[in-house]
Structure formats: C-alpha cells, structure tokens
Amino acid sequence: MDKIVVANLLRIAFYAGDLLDEDEDCQASVQDGRASFDDFLAALTHRAGARIRLRGFERGYASCDEQSARPRGRMLVGKSVATCALMQQQLVCEVDEFGVDTPDNRVLKASACFLAQSAHASEHADQLRALVREMRPVGDIQLSNRVLSRLPRTLAARRYRVVRFIARLIVDSGQPDERVGEHWARRLVQDEKKMRKVFEAFVRRWGETHRPPGVKVGRTRLKWSRAPQTLVGALNTDVTVRGATWTRVIECKYMSSLLPEHHGKRMFHPEHLRQLYAYLARMQATESTSRRLSGVLLYPAAGQVVSELIDLGGYPVRVETLRLDAPWEQLTEQLGALLFDANFGHSDLG
C-alpha cells in the first residue's frame, strides 16, 4: 500500500464508475502524478464545477418559508402562531421558488467549501472559493449520509455524478487527507472481487475513450458451436480491441499473488492462461482467417513487475503488470501500448 499512488486509484475508480462526462476530469493534476489525495479531490471538484457552470447550473423548485401579509403557497398555521406573525397580520407560508437552489447545487457548494478549507488543497483553494462566491444564491448545508441519500434521481443529476462521488468520499472519510486516502485505497485493493471488477471496467472505459481512429473497443460474447448454451454458457471477454487487420483479447485479473508456487516452482496462474486460450481459440473459429489474434493477461500491481511474451498455442500473449506505483502518464502510456500496438510481438515469435 505504501507504494500505490492513491490518486491513480481514484482516477481508475472514476473511469470504472462511468462517472466522467469529459476526459479533463481524470486529467486533473496530470502534471503531478503523485498529487495528494485532497489536492486531487479539489482539482476534480473545481473542474466539475467549471463544466457544470459552463453548461448552466441545474435549476428547479426549492421550498422555503416566507412571512407575508399576502400569503401564497401552503399556509403554516403552527409556525405563524409560534413566530407571532398573526399579531402583525401576517402568515408564514411554504413557497416553492424556481432557481439554482437545488439539492445537487447545495452538495457542490458544500464540497467546494469543505475542500477549500483543507490545508493541503491550497493550490486550488482560491478557485474553489470563487466557485462558492458565485453560488451565493444556493443554500448552505452540512454534508451527511442523510443529505446524500435524499438526492433525487433525475436526468439533470447525471451532470453531477462526479460531485456526488466526491461528496460521498468526504462524508465517508470525514477529512480527505492522505491518511484517509490510503484508508479508502486499502479497502478497495483488499477486496479482490471488487478490485477486479473496477480494474476491468477501467481498462475497457479508458480504451473506449482513447482509442485511435479505426479501432473499436468493447466486449465480445462468444458461443460454443454444437453445444446447448444453457449447459455450457457463453464466453464473455473482459475487453476486445479490434484494429483493421488484428484483434486482441485483454483478460483483466487481480490476485494477491501474481506468481503462485506449484510443486516448488513459481509460474503463471494456469487457469488464467487456459481461460485466455479458450477465448482466442473460439475467436479463431469465428474471425476471418486473415486477422491476427493476440492476447494480454493484465494484472494491476505495485512494487512487482512482470512482463513476459509467450506463445500460447500459436497465439502471441503478453503477461503484464500495470504499475499502480507509477506516475499516471507512465501508467496510461503502458496501457495504450498494450491495447493499441498493432505489431504486438508477432515478429518476435516468428
């Protein structure tokens, strides 16, 4: 854990959660791949707020109490008596006002206020304070689980997905410092099942976002021939990349031990290799014979480097670790080469 760049895991989580409308969000603090946890949250909040402001803050109806001699809305008799409004020949009413004081805008403002006060977020503090001043018509709230659980599910709320994610981290953490960032990251990497799903979704989403022209990225569902599908099931690849003349299958795994010991020898996980070979062999039967097939067995890791090119039944396959302890630019450069390199060791294997 002491080698993992927490901001890298946060970027991966954003991609995996399909939380980004624009790539700029995940490139926040790109000049410093080792930005602190709270600096990265502050940068993301600033960029998310700037994007929302550019498109226009969400507008909707918000309830407020109004004391007036000309009542409108729903009359609150109890409050009118308690505040002695009746003695002034007035009533307290609940009125719905149309404006920017919506639940999501309140969460954005509260998150910006919280992060602007963080000692480690000084680089982006002025930008966040400017955002808060601009949102003066929006009500002030304290972030809590109750507030976040009551956020509405609307189409407009999709633009606030990043904001909601950050607010949830703030609420769960209490104070977004590096220690808490490591705690959040530790919980993620210790859950092998969840980390594998997050890593797989990240690789596919990143590939879809950064694919070169003429390249397609997605998943492939392969069926066995002459076999009842209800009995044997289908083969679903994690990531399939298709170029003009080549196809590559990427199988994403996450294991605490990358090279387990079998009969006193360190070796790759045989079940992972067999699974990848099944994908390639079945794809060979359905793809054009002129297309070159290759595969990648990809593991996220820190402090351990594995990079091997092997011949897996006639298919070139790379077994690689994607280093979470590397700067973000280096990490994505390695991932891009594994996904989009058209040659990919065919010549090396002859």
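In this predicted model, six strands form an open sheet with mixed pairing, and their order across the sheet is β4-β7-β8-β11-β13-β12. The edges are taken by β4 (216-218) and β12 (307-312), each of which pairs on one side only. Averaged over neighbouring strands and with direction ignored, the turn from one strand to the next is 20°. Readers who like to check the connectivity by eye may find it helpful to walk through the sheet strand by strand.

Strand β7, residues 239-242, and strand β8, residues 246-252, run antiparallel and are joined by four bridges. One pair to look for is Val-239 with its bridge partner Ile-250 in β8. Further along the sheet, β11 and β13 run parallel, with seven bridges between them. Here Pro-300 has Leu-322 of β13 as its bridge partner. On the other side of β13 in the strand order, the pairing with β12 is antiparallel and comprises six bridges, among them the one that matches Glu-308 with Val-319 of β13. The hairpin of β12 and β13 leaves two residues between the strands, and Gly-313 adopts a positive phi near 65° in this hairpin. Strand β13 is largely enclosed by the rest of the structure, because eight of its nine residues are buried.

What lies across the sheet? Helix α9, residues 192-210, lies across β4, β7, β8, β11 (292-301) and β13 (315-323). The direction of α9 is at about 155° to that of β8. Helix α11, spanning residues 270-286, also packs on the sheet, where it touches β7, β8, β11, β12 and β13. Relative to β11, the direction of α11 makes an angle of about 155°.

A closer look at one position in β8 shows how these elements come together. Thr-247 is located in this strand and is buried, its relative accessible area being 0%. Leaving aside residues up to four places away in sequence, the contacts of Thr-247 are Thr-240, Val-241, Arg-242, Met-283, Glu-287, Arg-291, Arg-292, Leu-293 and Ser-294.

Helix α9 also packs against two other helices. With helix α12 (residues 328-340), the packing angle is about 80° and the axes are 11 Å apart. The two helices α9 and α12 are therefore roughly perpendicular to each other. On the α9 side, this contact is made by Phe-202, Val-203, Trp-206, Gly-207 and His-210, which meet Trp-328, Leu-331, Thr-332, Leu-335, Gly-336, Leu-339 and Phe-340 of α12.

The other partner is helix α1, residues 6-16, which packs with α9 at an angle of about 75° and with 7 Å between the axes. Helices α1 and α9 are therefore also roughly perpendicular to each other. From α1, the residues Leu-9, Ile-12, Ala-13, Tyr-15 and Ala-16 take part. They meet Met-195, Val-198, Ala-201, Phe-202, Arg-205, Trp-206, Thr-209 and His-210 of α9. Phe-202, Trp-206 and His-210 thus appear in the contact with α12 and in the contact with α1.

Elsewhere in the chain, helix α4 (residues 103-116) contains Asp-104. Is Asp-104 buried or exposed? With a relative accessible area of 1%, Asp-104 is buried. Its contacts, not counting residues up to four places away in sequence, are Glu-58, Leu-151, Ala-157, Tyr-160 and Arg-164. Arg-159 is 55 residues from Asp-104 in sequence, and the C-alpha atoms of the two are 9.6 Å apart in space.

For the protein as a whole, the secondary structure amounts to twelve helices and 13 strands. Of the 350 residues, 48% count as buried. The accessible surface comes to about 18,000 Å², and carbon and sulfur atoms account for 49% of it. Among contacts between residues at least 6 apart in sequence, 67% join residues at least 24 apart.

A word on confidence rounds off the picture. The average pLDDT is 79, and 78% of the residues score at least 70. Over residues 18-34, pLDDT stays under 50, although the model has 61 contacts beyond four places in sequence for this stretch. Where pLDDT is low, the predicted coordinates should not be read in detail.

Note on methods. Residues are numbered from 1 along each chain as its sequence is written. This is a predicted model: local features need pLDDT of at least 70, side-chain atom pairs count only at pLDDT 80 or more; totals for chains, interfaces and linings use all residues. Side-chain values use heavy atoms; hydrogens and water are left out. pLDDT is the predictor's confidence in each residue, from 0 to 100. Contact means heavy atoms within 4.5 Å. Buried means under 20% relative accessible area, exposed over 50%, partly exposed in between (1.4 Å probe, protein chains only). Accessible areas come from the Shrake-Rupley method with a 1.4 Å probe; for residues, only the protein chains shown count as cover. Two strands pair if DSSP finds at least two bridges between them. Axes are lines fitted to C-alpha atoms, for helices over the stretch in contact, and angles run from 0 to 180 degrees between N-to-C directions. Angles under 35 degrees count as roughly parallel, over 145 as roughly antiparallel, 65 to 115 as roughly perpendicular and the rest as oblique.
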